[in-house]
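Trainee: Could you walk me through this one, and show how each label is earned?

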Amino acid sequence: MAHTRLKIPILSTITTTAIKFSKPSLLHGYRRHICHCSSPVSISQNQQRQPQIRSPQLVALEYADLSIPHIVCEELGATRVRQHVNPLSSSLSIPVEVPNWNDVFEDPKLPLVVDVGSGSGRFLMWLAKRNHGSKNYMGLEIRKKLVTRAEKWAKELSLSNIHFVFANATISFKELISTYPGPLMFVSILCPDPHFKKRHHKRRIVQKPLVEAITDSLMPGGQVFIQSDVLEVAVDMRNYFDAESAKKSAFDHFKTTPTPARRLSRLFS
């Protein structure tokens, strides 16, 4: 596969008590944010009585036009899930079974967009609804309950260009994408688990094996979008991808730059 220089836009924001950013709307060239200021201000009694909007409600407002039904099922149970999962556990070290792409997508040859760590899946569903017939979307998520719920939501919305997979992306990304019939055009990694403790940094999703799998699988001109609200994590992710991009650029330069022996052979050919 031809290698191209990676285009890696990065949005890194330092989260403080004053500002919180919502998930951006990609591929449409804009992002929305919600700012909460913590400066001391005088608050009237009426304002004090008004209930504060919590994070889950903000997410629901962000994707209100999806009209996602609140599905309760025996398989899913409560919607509370573990926020921190150890990707190095033995149960998550087995490659996922590759699906039959003809069963998964209406047209499996369309360009593919992959969101690593898709969470609730609303972001991908929002995009899939707006790009039906032009792109396919796949979410990779390590928390099974979220995948189960996202698949049910996608089915309720009759989206035939989206699929969610319960998988450890580090283990399964390359095998999944290598069998996909169409090109991989875009990969997003949005606000992954920062694993703050130094001894847990090895659990971070953006490591050399995944970066290599992504860059080797991208179509020429494909893009990677990485984002974190933790500056250290954003820089760390960017460094991994920059290093891989530099390595591939050097390799392409070596292939296209004639060595002295090659120059001589050209002179006498």
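**Labels and cut-offs**

Mentor: Let's start right behind a helix: S158 comes after α5 and has a positive phi, near 55°. This is a predicted model, where local features need pLDDT of at least 70 and side-chain atom pairs count only at pLDDT 80 or more, while totals for chains, interfaces and linings use all residues. Residues are numbered from 1 along each chain as its sequence is written, and side-chain values use heavy atoms, with hydrogens and water left out.

Trainee: What makes α5 a helix of the expected span?

Mentor: Helices here are DSSP runs of H or I with at least four residues, strands are runs of E with at least two, and both are numbered from the N terminus. Helix α5 covers residues 144-156, 13 residues in total. The expected span is 1.5 Å times one less than the number of residues. For α5 that gives 18 Å, and the model has 19 Å from the first C-alpha to the last, so the two are close.

Trainee: Which residues of α5 are buried?

Mentor: L146, V147, R149, A150, W153 and A154. Buried means under 20% relative accessible area, exposed means over 50%, and partly exposed is in between, with a 1.4 Å probe and protein chains only.

Trainee: Why say that they line one face of the helix?

Mentor: Because, looking down the axis of α5, the buried residues fall within an arc of 165°. That arc is taken over the directions from the helix axis to the C-beta atoms. K144, K155 and E156 are exposed on the other side of α5. The cover over the buried residues includes α4 (122-130), β5 (136-141) and β6 (162-166).

Trainee: Why is R204 with E232 called a salt bridge?

Mentor: The rule asks for a side-chain nitrogen of Lys or Arg within 4 Å of a carboxyl oxygen of Asp or Glu. The closest N and O atoms of R204 and E232 are 3.3 Å apart, so the pair qualifies. R204 is in the loop between β7 (184-190) and α7 (208-217), E232 is in helix α8 (residues 231-256), and 28 residues separate them.

Trainee: What makes R204 buried and E232 partly exposed?

Mentor: R204 has 6% relative accessibility, so it counts as buried. E232 has 45%, so it counts as partly exposed.

Trainee: How do you know that R204 also pairs with D236?

Mentor: Their N to O distance is 3.7 Å, which makes a salt bridge. D236 is partly exposed at 26%.

Trainee: And what about R238 and D242?

Mentor: Their closest N and O atoms are 3.0 Å apart, again a salt bridge. Both residues lie in helix α8, four residues apart, about one turn of the helix. Salt bridges with shared partners also join K208, E212, E244 and K247 into one network. The count comes to seven salt bridges.

Trainee: How do you know how far to trust the model?

Mentor: Look at pLDDT, the predictor's confidence in each residue, from 0 to 100. The chain's mean is 74, and 62% of its residues reach 70 or more. Over residues 9-43 pLDDT is below 50, though beyond near neighbours in sequence that stretch has 74 contacts in the model. A contact means heavy atoms within 4.5 Å. Residues 254-269 also stay under 50, with five contacts beyond four places in sequence.

Trainee: And how many helices and strands are there?

Mentor: Nine helices and eight strands. Of the chain's 269 residues, 39% count as buried.
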